[in-house]
Structure formats: structure tokens, C-alpha cells
Amino acid sequence: MKTTLILTLALWAATHAPAAWSKDDPAAGAKLYASNCTACHGADRAGMPGAFPALTDIGKRMTPVQIKEKISKGGGLMPPFSHLSQQEIDDISSYLAK
Ligand code: HEC
């Protein structure tokens, strides 16, 4: 019984601790942005007027929570990025809001 408990705790720590302890990483977010978002929002984040909104001043228009929700759920013509992990979404949002 005791072994099971220790194993369970070790597994919990291994799966939960990194997400809880690691910080948002704007540099990782920039890479994720480059591979997931540039097609529509552009490498310079200028978007395409009339089709894709610019994200250059997004930190002034949206809260980090709203940005993260937009990435994970999409909306309008923006596809949901449900395959990204919470950490990845946090990283992208810290890159954008920087
Ligand atoms: C297929 C094209 C496409 C891709 C790829 C895409 N977006 Fe979007 N995005 C859009 C469109 C279109 C909108 C406007 C949606 C609307 O009308 O609400 C939008 C809106 C947004 C908004 C809200 C902007 C605002 O002014 O309301 C954010 C933030 C955003 N996208 C971030 C991202 C991020 C981060 C990625 C990469 C993970 C990404 N988008 C990838 C098309 C895209």
C-alpha cells in the first residue's frame, strides 16, 4: 500500500510540477508563434487589414486571459489551437503581451 502511495505521489509530481513551477517563456512563445500564427497574423504581427487583425498592440487591447482563451478556443475565422498545451499557450501569450 505504502509503495503505491509513493508511486502515485511521484507520478503526480512528475506530471503536475513542471507546469506549476515553470515560468512563462516569451522566447519559446516566439518560436511557437512563428510556427503556428504567422500564416495569418504575419511574422511582424501586422496581420492583414480586413482579414486578420494585427497583434502588435494586443497587450493593450486584451488581457492575458482573453488572449489565451482566443488561442485555445479560436472564434470568428480564427481556428482553435486545442493541440497546444497550457504552457505553450502561456508562452505565446507572454510573447504577444510583451
Ligand atoms: C487561419 C488563420 C489564423 C491563424 C493561423 C491564427 N489566427 Fe488569430 N485570428 C484569426 C482571425 C481571422 C481573427 C479574428 C477573429 C474574430 O473575428 O474574432 C484572429 C484573432 C486573434 C486574436 C484576437 C485579436 C483581436 O484583435 O481581437 C488573437 C489574440 C489571435 N488571433 C492570436 C493568434 C495566435 C497567438 C495564433 C497562433 C497560435 C493565431 N492567432 C493563429 C486568424 C488566425
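The following paragraphs describe a predicted model, beginning with a pair of packed helices and moving on to the surroundings of the ligand.

Two packed helices are described by the angle between their axes and the distance between the axes. Here the pair consists of helix α5, which covers residues 64-73, and helix α6, which covers residues 86-97. Their axes lie 9 Å apart and form an angle of about 125°. Because of that angle, α5 is oblique to α6; angles over 145 degrees would count as roughly antiparallel, and those from 65 to 115 as roughly perpendicular. The crossing of the two helices is right-handed.

The contact itself can be followed residue by residue. From α5, the participants are Pro64, Ile67, Lys68, Ile71 and Ser72. These meet Ile89, Asp90, Ile92, Ser93, Leu96 and Ala97 of α6. Sorted by class, this contact comprises seven nonpolar, two polar and two charged residues.

Helix α5 also contains glutamate 69. This residue counts as partly exposed because 15 C-beta neighbours lie inside 10 Å, whereas a buried residue would need 20 or more. Between the C-alpha atoms of glutamate 69 and serine 93 the separation is 9.9 Å, although the two residues are 24 residues apart along the chain.

Attention now turns to the ligand. It is surrounded by 21 residues, of which Cys37, Cys40, Gly76, Leu77 and Met78 come nearest. Two or more residues of this shell are given by each of α3 (38-41), α4 (58-61) and α5. Helix α5 thus appears both in the packing against α6 and in the shell around the ligand. By class, the shell has 15 nonpolar, four polar and two charged residues.

Key
Residues numbered from 1 in each chain as written. Predicted model: local features only at pLDDT ≥ 70, side-chain atom pairs only at ≥ 80, totals over all residues. Axes fitted to C-alpha atoms, helices over the stretch in contact; angles between N-to-C directions. Helix = DSSP H or I, 4+ residues; strand = E, 2+ residues; numbered from the N terminus. Parallel < 35°, antiparallel > 145°, perpendicular 65-115°, else oblique. Left-handed = near helix turned anticlockwise from the far one by under 90°. Contact = placed C-beta atoms within 7 Å. Nonpolar A, V, L, I, M, F, W, Y, C, P; charged D, E, K, R; others polar. Near = placed C-beta within 6 Å. Buried ≥ 20, exposed ≤ 12 C-beta atoms within 10 Å, placed from the backbone.
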